Amino acid sequence: PLLLNEFLWSFGETMFQFIYSHIGTSEMAAMTMTGPLQGMTVGLFKGISVAASVMVGNKLGGDDYEGAYKLSCKLMKISIVGSLFIGGVLAALSGVYVSFFNVDSHTSETTIKLICIFAGFLFIKVSNMVLSGGIIRSGGKTTYSLMLDILGTWVVGMPLGFISAFVFNLPIEGVYTLITIEEAVRLTVGFIIFKRRKW
């Protein structure tokens, strides 16, 4: 399940790039400019996800199920607070970041908007990473993580992306926002699994 999960996620990300490239060269350039920020930010919180997998898994291995649940809640709170703070910093400094690039005003404005959208959804993205990629996996229920990613990427994100870009011809900000909604759907289902302690 983990191997299939990573493959489908990577392939999904490639398909999203295909959708963005259809919108226009300037828009694709703006999307590419957000890449380093997204990579660094997600990488920063990847450590919490890995820590959650190890620490919660250790509790579960010792049959301390209540302790595992409480630790999971604590790690989720840390990730949400931290990502909200980092998201605020990214949005505030988006103009400064874009000023380092030699691009036209349209591309600059589009990039700032995309960064702000990313910053707004960051706490949801990080929560998914910690919950699905760390906590739920630590219980051995790797198929749950697989199904969450399939639901988010292929059932919600991909159809919204193709319809918004190819049918309604929305600007990239709209397409990116609709695609990112899949993170919220995935988090909602993941949180239900978490609260039911089925992992």
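This report walks through aromatic pairs, a helix contact and a few individual residues in a predicted model.

## How α1 and α6 meet

Let's start with two helices, α1 and α6. Their axes come within 10 Å and cross at roughly 10°. An angle under 35 degrees counts as roughly parallel, and α1 and α6 are therefore roughly parallel to each other. The residues in this contact comprise 16 nonpolar, 8 polar and 1 charged.

M15 offers a handy place to look at this part of the model, as it lies in helix α1. Setting aside neighbours within four places in sequence, M15 is in contact with W154, M158 and F162. You can also check a backbone distance here: the C-alpha atoms of M15 and T153 are separated by 10.0 Å, although these residues are 138 apart along the chain.

## Aromatic pairs between the two helices

A pair of aromatic rings is described by the distance of the centres and the angle of the planes. Searching the whole structure turns up 10 aromatic pairs. One of them joins F11 and W154, whose rings are stacked, with 5.6 Å from centre to centre and 25° between the planes. This pair links distant parts of the chain, since F11 sits in helix α1 (residues 2-23) and W154 in helix α6 (residues 142-167), 143 residues apart. F11 has a relative accessibility of 40% and so counts as partly exposed. W154 is partly exposed too, with a relative accessible area of 27%.

F18 and F162 make another aromatic pair, this one tilted, at 6.3 Å centre to centre and 45° between the planes. Because F18 lies in helix α1 and F162 in helix α6, the pair ties together parts that are 144 residues apart in sequence. F18 has a relative accessible area of 42%, which makes this residue partly exposed. F162 also counts as partly exposed, at 27% relative accessibility. If you have M15 on screen, W154 and F162 are among its contacts, so both of these pairs can be found from that residue.

## A ring cluster and R197

Elsewhere, ring pairs link Y69, F191, F194 and W199 into a cluster. One member, Y69, has a charged neighbour: R197 lies over the face of the Y69 ring, at 3.7 Å from the ring centre.

R197 is worth a second look for its backbone as well. R197 is located in the segment after α7 and has a positive phi of about 55°, although it is not a glycine. With 43% relative accessibility, R197 counts as partly exposed.

## Another positive phi, at N169

Most residues other than glycine have a negative phi. N169 is not a glycine, yet it has a positive phi of about 50°. You will find N169 in the loop between α6 and α7 (172-196). The relative accessible area of N169 is 55%, and a value over 50% counts as exposed.

## A buried serine in α5

Finally, take a look at S108 in helix α5 (residues 105-138). Its relative accessibility is 16%, so S108 counts as buried. Leaving out neighbours within four places in sequence, S108 is in contact with V98 and V103.

Terms used
Residues are numbered from 1 along each chain as its sequence is written. This is a predicted model: local features need pLDDT of at least 70, side-chain atom pairs count only at pLDDT 80 or more; totals for chains, interfaces and linings use all residues. Side-chain values use heavy atoms; hydrogens and water are left out. Rings of Phe, Tyr and Trp (its six-membered ring) pair if their centres lie within 6.5 Å; planes under 30 degrees apart count as stacked, over 60 as edge-to-face and the rest as tilted. Helices (H or I, at least four residues) and strands (E, at least two) are DSSP runs, numbered from the N terminus. Buried means under 20% relative accessible area, exposed over 50%, partly exposed in between (1.4 Å probe, protein chains only). A charge sits over a ring if NZ of Lys or CZ of Arg is within 6 Å of the ring centre and within 35 degrees of the ring normal. Axes are lines fitted to C-alpha atoms, for helices over the stretch in contact, and angles run from 0 to 180 degrees between N-to-C directions. Angles under 35 degrees count as roughly parallel, over 145 as roughly antiparallel, 65 to 115 as roughly perpendicular and the rest as oblique. Ala, Val, Leu, Ile, Met, Phe, Trp, Tyr, Cys and Pro count as nonpolar, Asp, Glu, Lys and Arg as charged, and the others, Gly among them, as polar. Contact means heavy atoms within 4.5 Å.
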